[in-house]
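Me: I would like to go through this structure with you. Could you take my questions one at a time?
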Amino acid sequence: MKKEEPALVDVTAFPVMDFMICQAHLPIDLINNLNNELDNLLLDSERKSHSHTLVGQIKKGEQIHLLRENKIFQRIYRTAEQMGMTYIELYGQVTGQREEIPWKKAICTECWSVHQFSGDYNPLHDHGVESLCGLSFILWTKVPTNMRNSEADTLFKASGMMDGCVKFVNGPVSQRGYAEFRQPKVLDVIPEIGRFVIFPHWLNHMVNPFYCEGERRSISGNVNLFKEDEADV
């Protein structure tokens with residue numbers, strides 16, 4: 001007699017992800033204005049380095065503090081705040097916790113540019129900030145044409161596939177997670193001109209070095225979140 005297979009009804013999987021990032025793309029005219037203003041800042045003998053608060057091993061380039069009072073840089077501060085509120089909204093939708101989330105206002109507290117050249121890199125780190133809850137962001141304004149090997153589909157044989165890219169890490173980095181049914185806890189992000197990504201300030205991330213000519217230029221910063229009774233902070 002043929003053995004009957006058991007009836008399976010309403011089979012559902014519940015994948016659990018450990019973190020969420022959001023992204024947007026900013027218009028090229030804004031990127032061009034930012035690059036022009038950053039070029040001028042690089043010529044300013046009174047520019048202020050931000051490297052004393054950062055772990056970036058930027059030895060050939062610079063890490064420069066960007067003032068909110070500058071009208072061009074102010075647009076990035078405001079964009080970061082807008083993206084902060086968007087992140088809150090999307091997180092509420094994804095988790096079904098929209099009504100429970102107390103954060104009502106986002107304030108970008110600091111912003112800096114990173115001018116990275118061949119061999120420069122950022123070791124694994126996070127952006128721990130003073131507030132109970134906060135976000136951090138990265139915006140790319142220049143990416144060298146040959147920074148990475150875009151044709152590679154594996155890291156084997158020193159392919160250069162991830163040179164100059166950002167890796168977000170919240171667990172094992174092995175690419176063989178499927179062997180033990182581990183959900184992905186690592187995300188590689190390829191820099192693109194105008195690409196803006198925002199993520200929780202506690203999320204570990206790193207920037208791989210690259211080895212071609214040209215500048216990899218980005219703007220980063222931190223956003224603090226506040227409750228209703230703190231909205232005037």
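Me: Is His205 buried or exposed?
Reply: In this predicted model, His205 is buried, because its relative accessible area is 3% and the cut-off for buried is under 20%.

Me: Which strand does His205 lie in?
Reply: His205 belongs to strand E9, which covers residues 204-207.

Me: What does the side chain of His205 reach?
Reply: The backbone oxygen of Leu203 lies 3.0 Å from the side chain of His205. In addition, the side chains of His205 and His127 are joined by a polar contact of 3.3 Å.

Me: And which residues is His205 in contact with, leaving aside neighbours within four places in sequence?
Reply: The contacts of His205 include Pro123, Leu124, His125, Asp126 and His127. Val166, Lys167, Phe168 and Phe199 are also in contact with His205.

Me: Let us turn to the sheet. What is the order of the strands?
Reply: The order is E4-E9-E6-E7, in an open sheet of 4 strands with antiparallel pairing.

Me: Which strands stand at the edges?
Reply: Strand E4 (122-125) and strand E7 (186-189) do. Each has a single partner strand, so one side of each is left without a neighbour in the sheet.

Me: How much twist is there from one strand to the next?
Reply: The twist averages 15° from one strand to the next.

Me: How many bridges join E6 to E7?
Reply: Strand E6, residues 166-169, is joined to E7 by 4 bridges, and the two run antiparallel. Within this pair, Phe168 stands opposite Leu187 of E7.

Me: New topic: what is the phi of Lys157?
Reply: Lys157 has a positive phi of about 60°, although it is not a glycine. Lys157 is located in the loop between strand E5 (134-142) and E6.

Me: Is Lys157 buried or exposed?
Reply: Lys157 counts as exposed, because its relative accessibility is 83% and the cut-off for exposed is over 50%.

Me: What about Ala158?
Reply: Ala158 is not a glycine either, yet its phi is positive, at about 50°. Ala158 lies in the loop between E5 and E6 and is exposed, with a relative accessible area of 77%.

Me: Finally, what pLDDT does the protein average?
Reply: The average is 89, and 87% of the residues score at least 70.

Me: Where is confidence lowest, and where highest?
Reply: Confidence is lowest in E7, with a mean of 90, and highest in strand E2 (residues 62-65), at 98.

Key: Residues numbered from 1 in each chain as written. Predicted model: local features only at pLDDT ≥ 70, side-chain atom pairs only at ≥ 80, totals over all residues. Heavy atoms only, no water. Pairing = 2+ DSSP bridges. Axes fitted to C-alpha atoms, helices over the stretch in contact; angles between N-to-C directions. pLDDT = per-residue confidence, 0-100. Buried < 20%, exposed > 50% of the residue type's maximum accessible area, 1.4 Å probe, protein only. Polar contact = N/O pair within 3.5 Å; in protein donor to acceptor, adjacent residues only side chain to side chain. Contact = heavy atoms within 4.5 Å.
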